[in-house]
Amino acid sequence: MPDPAAPASVPAPGTEAGTEAAFAPARTAKSATTPVAAPVAGRVAPGSHRRVARPATAPVVPAQTPRRPVPQLRPTDHFAELLLGVLSGRRPVHSMLRHTRGRAYDDLAHLAERGPLRTRGASPVVRDIGYFEPRPGALEVFARIGAGGRLRAMAFRLEQGRDLRWRCTAVEVGGPRRHRSDDD
């Protein structure tokens, strides 16, 4: 048994200098009877300067799979929903100010006054959308709107600006066209 008065840096009998046991702190009678806390995986044990090995039963984290990008709405679908909201009274007309160009806003405001897609009961929904591309950067779109047991038609034109944003340039809802005067 080593001498309790011996310094801690003196190697214990039967060990060589330079090994881990050579630098072990001297034990006293008090430390031999005190309970020692069990080492926690991945943490440094008290009085030690080395990491404690993790147990072999540590959970293995699977490799992360790359996330798929969120699909973006096509401009035809997006504008059909925006226009439906305005013409059914669920959205204010002024919400379309930055999404329209030319006379489209005036036409939309006039149509919204009449409320052609307002219904009692079931809210109108877009049933089907189709489009024609007369030239690059322009789309002529039609949509079938279901409201209760009725189907209505909505047509609009989208043009892509220099800033690559789509804007509505014309809108019509099934029925007679509005007569335009030159001063309108």
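## Salt bridges at a glance

This structure has 7 salt bridges. Keep in mind that the model is predicted, and that the pairs below come from it. Here is a walk through some of them, followed by a look at how two helices pack.

## Arg 74 with Asp 77

Start with Arg 74, whose side chain joins that of Asp 77 in a salt bridge, with N and O 3.3 Å apart. The two ends sit in different accessibility classes because the limit for buried is under 20% relative accessible area and exposed starts over 50%. Arg 74, at 49%, is partly exposed, whereas Asp 77, at 17%, is buried.

## Glu 159 with Arg 135

Next up is a bridge between strands. Glu 159 and Arg 135 pair through their side chains, at 3.8 Å from N to O. Glu 159 belongs to strand β3 (residues 150–160) and Arg 135 to strand β1 (residues 125–135), so this salt bridge ties together parts 24 residues apart in sequence.

As for accessibility, Glu 159 is the buried end, with a relative value of 15%. Arg 135 comes out at 40%, which puts this residue in the partly exposed class.

## Arg 167 with Asp 163, and a network

Arg 167 makes a salt bridge to Asp 163, and their closest N and O atoms are 3.0 Å apart. Here the arginine is the buried end: Arg 167 has 15% relative accessibility. Asp 163, at 42%, is partly exposed.

Some bridges also link up through shared partners. Arg 101, Arg 135, Glu 140, Arg 157 and Glu 159 are joined that way into one network. The Glu 159 and Arg 135 pair described above thus has both of its residues in this network.

## How α2 packs on α3

Now for the helices. Two packed helices can be described by the angle and the distance between their axes. For helix α2 (residues 75–87) and helix α3 (residues 104–114), the axes come within 8 Å and cross at roughly 45 degrees. That crossing angle makes α2 oblique to α3.

Which residues meet there? On the α2 side they are Leu 83, Val 86 and Leu 87, and on the α3 side Leu 108, Leu 111 and Ala 112. Sorted by class, the contact between α2 and α3 has 6 nonpolar residues, with no polar and no charged ones.

Key:
Residues numbered from 1 in each chain as written. Predicted model: local features only at pLDDT ≥ 70, side-chain atom pairs only at ≥ 80, totals over all residues. Heavy atoms only, no water. Salt bridge = Lys/Arg side-chain N within 4 Å of Asp/Glu carboxyl O. Buried < 20%, exposed > 50% of the residue type's maximum accessible area, 1.4 Å probe, protein only. Helix = DSSP H or I, 4+ residues; strand = E, 2+ residues; numbered from the N terminus. Axes fitted to C-alpha atoms, helices over the stretch in contact; angles between N-to-C directions. Parallel < 35°, antiparallel > 145°, perpendicular 65-115°, else oblique. Contact = heavy atoms within 4.5 Å. Nonpolar A, V, L, I, M, F, W, Y, C, P; charged D, E, K, R; others polar.
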